[in-house]
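Grab a seat and take a slow look around the model below. We'll start with one small detail and then work outwards.

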Amino acid sequence: MREFLLGVYTRLHHHFGPMHWWPGETPFEVMVGAVLTQQVSWSNVEKAIENLSRHGGLSVAGILSLPHEELGLLIRPTRYYNQKARRLKDVCGAVREDAADDVELFLGQDPAALRRRLLGIRGIGEETADSILLYAAGRPVFVIDNYTHRILQRLGKARGHESYDDLQALFEFNLPREVLLYNEYHALLVALGHHVCLKSRPRCPHCPLAAVCGYCLQSDR
DNA sequence: CACCAGGCAAGTA
DNA sequence: TACTTGCATGGT
């Protein structure tokens, strides 16, 4: 399994090259993006972040001082904007409570404690928490998402009933515990999820990545 | 027009 | 535990 996972990574990296994730400027922006990108394409998140930056909304104090209505308007492109407005405020509230608005201090706490803290916030699930741990706090935590699960199924390494923890353990147990590797690997799996032929199924002969995935990913969700 | 995007929580049986 | 539903925009 160890060689298999490394082999998939090697082929993906050769095809796509470095992904340069996370596409955010500061750790705080990464945290905001992690919440906003839930079930939304990144292009929509970019619009929201641009709106936030033009209205002083890219800081803990900024978001906390924006009225809910106005914050919702700024992040409207990211869908579910009412829920997400509250989620952003709750995350910022945690940073204020734990670290007096100091994002670096907040992210610098013990990774296990930070993960528990984040999971305690409504709207922050495992993937969002781990994205923040890996891409904002720089901790070696493998991020699992829907694509990861579907791709593993196509590759015959999962059946569909596995839990988040099962899949995370599969990667973390079989790969060296390196932030850069985890960073690239998750980004590449997302890129594969986006690029693999989404039309014919279940097998797609035109897929340029057939050597990696072998199948089209469309037939289940 | 249909379909989908880097989830999550609350409700039901 | 496992399955449903609400949330509710913009690109192709």
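Where is the place of aspartate 101? Aspartate 101 sits in the loop between H6 and H7. Keep in mind, as you hunt for it, that this is a predicted model.

**Odd backbone spots**

Aspartate 101 is worth the hunt, since its phi is positive, about 75 degrees, although it is not a glycine. Most residues other than glycine have a negative phi, and most peptide bonds are trans. Tyrosine 80 is another residue with a positive phi, near 50 degrees, and it isn't a glycine either. You'll find tyrosine 80 in the loop between helix H5 (68–74) and H6.

Are these two buried or exposed? Aspartate 101 counts as partly exposed because it has 16 C-beta neighbours inside 10 Å. Tyrosine 80 has 15 C-beta neighbours inside 10 Å, so it counts as partly exposed.

There's a peptide bond to look at, too. Tryptophan 21 and tryptophan 22 are joined by a cis peptide bond, with omega at about 0 degrees. Tryptophan 22 belongs to the loop between helix H1 (2–16) and H2.

**The overall picture**

Now zoom out. Chain A has 12 helices and zero strands, so to speak an α on every step of the way from the N terminus. Of its 221 residues, 33% count as buried. If you take the contacts in chain A between residues at least 6 apart in sequence, 57% of them join residues at least 24 apart.

The domain assignment splits chain A into domain 1 (2–19 + 143–195) and domain 2 (27–136). Notice that domain 1 is written as two stretches of sequence. The C-alpha centres of the two domains are 25 Å apart. Where they touch, domain 1 puts in seven residues and domain 2 puts in six. On the domain 1 side, helix H12 (residues 179–195) gives the most, with three residues. That side has five nonpolar residues, one polar and one charged.

**Inside the fold**

What about the inside? The largest nonpolar core has 52 residues, and Met31, Leu88 and Ile132 have the most contacts inside it. Helix H2 (residues 27–36) supplies the largest share of this core, seven residues. The core also draws at least three residues from each of domain 1 and domain 2.

Why is H2 largely enclosed by the rest of the structure? It's because eight of its 10 residues are buried. Those buried residues are Phe28, Val30, Met31, Val32, Gly33, Ala34, Val35 and Leu36. The cover over them includes H3, H6, helix H7 (103–108) and H9.

Isoleucine 132 shows one of the links to H2. Setting aside neighbours within four places in sequence, isoleucine 132 is in contact with Met31, Ala34, Leu118 and Ala137. Of these, Met31 and Ala34 are among the buried residues of H2.

Isoleucine 49, in helix H3, shows another. Isoleucine 49 has 24 other C-beta atoms within 10 Å, so it is buried. Not counting residues up to four places away in sequence, isoleucine 49 touches Glu29, Val32 and Gly33. In sequence, isoleucine 49 and glutamate 29 are 20 residues apart, and in space they are 8.1 Å apart, C-alpha to C-alpha.

**Beside the DNA**

Finally, check out the two DNA strands. DNA strand B is surrounded by 23 residues, and the closest are Gln38, Gly125, Glu127, Thr128 and Asn146. The elements that give two or more residues to this surface are helix H9 (126–136) and H12. H12 is a helix you've already met at the contact between the domains.

Around DNA strand C you'll find Ser43, Asn44, Arg76, Pro77, Arg79, Tyr80, Tyr81, Asn82 and Gln83. Tyr80 on that list is the tyrosine with the positive phi. Helix H3 (42–54) and helix H6 (81–99) are the elements that give two or more residues here.

Here's how the two surfaces line up:

| Surface | Top element | Nonpolar | Polar | Charged |
|---|---|---|---|---|
| DNA strand B | H9, four residues | eight residues | 10 residues | five residues |
| DNA strand C | H6, three residues | three residues | four residues | two residues |

So which helix gives the most to the surface near DNA strand C? That's H6, with three residues, and H6 also helps to cover the buried residues of H2.

Key. Residues are numbered from 1 along each chain as its sequence is written. Chains are lettered from A and ligands numbered from 1 in the order in which they are written. This is a predicted model: local features need pLDDT of at least 70, side-chain atom pairs count only at pLDDT 80 or more; totals for chains, interfaces and linings use all residues. Domain bounds come from an automatic or database domain assignment. Two residues are in contact if their C-beta atoms, placed from the backbone, lie within 7 Å. Ala, Val, Leu, Ile, Met, Phe, Trp, Tyr, Cys and Pro count as nonpolar, Asp, Glu, Lys and Arg as charged, and the others, Gly among them, as polar. A residue is near a molecule or strand if its C-beta atom, placed from the backbone, lies within 6 Å of it. A nonpolar core is a set of buried Ala, Val, Leu, Ile, Met, Phe, Trp, Tyr and Cys residues joined through C-beta atoms within 7 Å. A residue is buried if 20 or more other C-beta atoms lie within 10 Å of its own, exposed if 12 or fewer, and partly exposed in between; C-beta atoms are placed from the backbone.
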